[in-house]
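Here is a briefing on one protein model. Please look over the fold first, then the pairings and side-chain links.

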Amino acid sequence: MRLSALPAAAVLILATLASGAAPAAADTPAGPVLLVDLEAGKGRHHNTGTVLYERVDGAVNSVRVKSVTIHSGELDCAWVQWNNPHDPNGWSNLTTEPSCNGTGLGEHPDIIIKAPAGDPLKVRLVADHPGSDVVHKDIQKL
C-alpha cells in the first residue's frame, strides 16, 4: 500500500510514532473524589478541618489533594499536615498558613502527596494555644 493512499490522520499518527513520541493520553480522573474530616479540641478550642482528595491512578500510596479547609477554635491556631517521609519532622503543612482565632481558611493546593509502599498515607489536624504547650490533634488515614 502506498503512503498516499492512507487517510491524512493515519499518516499523522504514523509520523508521530515513527519519531519516537507517544500520543498524549486522555486526562481521565483517577477515581471518585473523597473527603476526610478532622476534628480536635472542645468548646472554645474546637477545631475542624477537611481534606478533599482523589487517588492517583496507577500509583501506590499517592493522592492528589484538591482542597483543604480549616476552622480554628476561638483561642487556637490550626494546621492540616500530611506525613511527609522527606520532612525531618515527619509532617508537612498542606496549607500556606494556619487558621487562627476562630477564622476559617480554604486553599486548593492541587498537589500529589506520596508515602512509601507499605507506609500508610495520613493527614492530621494540629491545633495549639499560642503561648502554651497544649496541643490538640486528630489523625486520619487516606
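Helices and strands here are DSSP runs, numbered from the N terminus; a helix needs at least four residues and a strand at least two. The model is predicted. On that basis, the protein has one helix and ten strands. The order along the sequence is α-β-β-β-β-β-β-β-β-β-β.

**Overall make-up**

- The protein has 142 residues, and 31% of them are buried.
- Take the contacts between residues at least 6 apart in sequence: 54% of them join residues at least 24 apart.

**Strand pairing around S3**

- Strand S3 spans residues 62-71 and runs antiparallel to strand S2, residues 47-55. Eight bridges join S2 and S3.
- Within this pairing, Glu 54 has Arg 64 of S3 as its bridge partner.
- S3 also pairs with strand S8, residues 111-114, in the antiparallel sense over four bridges. Here Arg 64 is partnered by Ile 112 of S8.
- Strand S7, residues 104-107, is another antiparallel partner of S3, with four bridges. Ile 70 is matched with Leu 105 of S7.

**Loops and positive phi**

- The hairpin of S2 and S3 has six residues between its strands. In this hairpin, Gly 58 takes a positive phi near 80°.
- Most residues other than glycine have a negative phi.
- Asn 61 is not a glycine, yet its phi is positive, near 55°. Asn 61 sits in the loop between S2 and S3. Its relative accessibility is 25%, so Asn 61 counts as partly exposed.
- Asp 110 is not a glycine either, and its phi is positive at about 45°. This residue lies in the loop between S7 and S8. Asp 110 is partly exposed, at 43% relative accessibility.

**Salt bridges**

- How many salt bridges does the structure hold? The count is three.
- Arg 44 and Glu 74 form one of them, with the closest N and O atoms 3.1 Å apart. This pair links distant parts of the chain, 30 residues apart. Arg 44 is in the loop between strand S1 (34-40) and S2, and Glu 74 is in the loop between S3 and S4.
- Arg 44 is partly exposed, with a relative accessible area of 47%. Glu 74 is partly exposed as well, at 45%.
- Arg 64 and Glu 54 form a salt bridge through their side chains, 3.9 Å from N to O. Arg 64 belongs to strand S3 and Glu 54 to strand S2, so the salt bridge ties together parts that are ten residues apart in sequence.
- Is Glu 54 buried or exposed? Glu 54 has a relative accessible area of 9%, so it is buried. Arg 64 counts as partly exposed, at 26% relative accessibility.
- Asp 110 forms a salt bridge with Arg 64, and the closest N and O atoms are 3.5 Å apart. Asp 110 lies in the loop between S7 and S8 and Arg 64 in strand S3, so this pair ties together parts 46 residues apart in sequence.
- Glu 54, Arg 64 and Asp 110 are thus linked in a network of salt bridges.

**Disulfide**

- The structure has one disulfide.
- Cys 77 and Cys 100 form this link, with their sulfur atoms 2.0 Å apart. The link is right-handed, with 120° about the S-S bond.
- Cys 77 lies in strand S4 (residues 77-82) and Cys 100 in strand S6 (residues 99-100), so the disulfide ties together parts that are 23 residues apart in sequence.
- Cys 77 has a relative accessible area of 12%, so it is buried.

**Asp 76, a buried acid without a salt bridge**

- Asp 76 is found in the loop between S3 and S4.
- Asp 76 is buried but has no salt bridge. Which side chain of opposite charge is nearest to Asp 76? The nearest is Arg 44, 9.1 Å away. A salt bridge needs the nitrogen and oxygen within 4 Å.
- The side chain of Asp 76 makes a polar contact of 2.8 Å with the side chain of Asn 47.
- Leaving aside residues up to four places away in sequence, Asp 76 touches several residues, among them His 45, Asn 47, Ser 99, Cys 100, Asp 128 and His 136.

Methods:
Residues are numbered from 1 along each chain as its sequence is written. This is a predicted model: local features need pLDDT of at least 70, side-chain atom pairs count only at pLDDT 80 or more; totals for chains, interfaces and linings use all residues. Side-chain values use heavy atoms; hydrogens and water are left out. Two strands pair if DSSP finds at least two bridges between them. A disulfide is a pair of cysteine sulfur atoms within 2.5 Å. Buried means under 20% relative accessible area, exposed over 50%, partly exposed in between (1.4 Å probe, protein chains only). Lys and Arg count as positive and Asp and Glu as negative; His and the chain ends are not counted. A polar contact is a pair of N or O atoms within 3.5 Å; within protein, one must be able to donate a hydrogen and the other to accept it, and residues adjacent in sequence count only if both atoms are side-chain atoms. Contact means heavy atoms within 4.5 Å.
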